[in-house]
Amino acid sequence: MTRIKRGCIARRRRTKIRLFASSFQGAHSRLTRTITQQKIRALFSAYRDRGRQKRYFRRLWITRINAAIRGNLVYYSYNIFIHNLYKKQLLLNRKILAQIAILNRNCLSMISTEIIK
């Protein structure tokens, strides 16, 4: 019977996993078992944090809008501003409003005075 050299498929699988973990430190980039554990952990963290990132950015935008509104000598809060936006049917999302609040405060004050009328 002829000799069969094994390990080609397994080696290919391990090198594919090692390429994923090449930027990890220590045993996390060298040992196959810890590489697979770290890969599972990394992919799970990436999935979880994509949702968290959306949450954090929305909180940041709301904070920026609120700070800009309260500093604009128009003395009312964020929730009243958003409520009046919806009443006037000016549908600007929070991301755009935060950009306006940072880059062009005069424009935001014009919007807020238009809403009050």
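## Exposed surface and burial

In this predicted model, the protein chain exposes about 9,600 Å². Carbon and sulfur atoms supply 56% of that area. Of the 117 residues in the protein chain, 21% count as buried, a class that requires under 20% relative accessible area.

## Overall dimensions

The protein chain has a radius of gyration of 26 Å, whereas a compact globule of 117 residues would have one near 13 Å. Taken along the principal axes, the box filled by the C-alpha atoms is roughly 95 × 30 × 20 Å.

Among contacts in the protein chain with a separation of 6 or more, 43% join residues 24 or more positions apart.

## Secondary structure

The protein chain contains 5 helices and 0 strands. Along the sequence, the pattern reads α-α-α-α-α.

## Helix α4

Helix α4 spans residues 94-103, and its buried residues are Arg-94, Leu-97, Ala-98, Ile-100 and Ala-101. Viewed down the axis of α4, these buried residues fall within an arc of 160°, so they line one face of the helix.

The packing partners of the buried residues of α4 are three helices: α2 (32-70), α3 (78-87) and α5 (105-116). The buried set that makes this packing includes Arg-94 as well as Leu-97 and Ile-100.

How values were computed
Residues are numbered from 1 along each chain as its sequence is written. This is a predicted model: local features need pLDDT of at least 70, side-chain atom pairs count only at pLDDT 80 or more; totals for chains, interfaces and linings use all residues. Side-chain values use heavy atoms; hydrogens and water are left out. Buried means under 20% relative accessible area, exposed over 50%, partly exposed in between (1.4 Å probe, protein chains only). Helices (H or I, at least four residues) and strands (E, at least two) are DSSP runs, numbered from the N terminus. The arc is that of the directions from the helix axis to the C-beta atoms. Contact means heavy atoms within 4.5 Å. The radius of gyration is taken over C-alpha atoms; the globule rule is 2.2 Å times the number of residues to the power 0.38. Accessible areas come from the Shrake-Rupley method with a 1.4 Å probe; for residues, only the protein chains shown count as cover.
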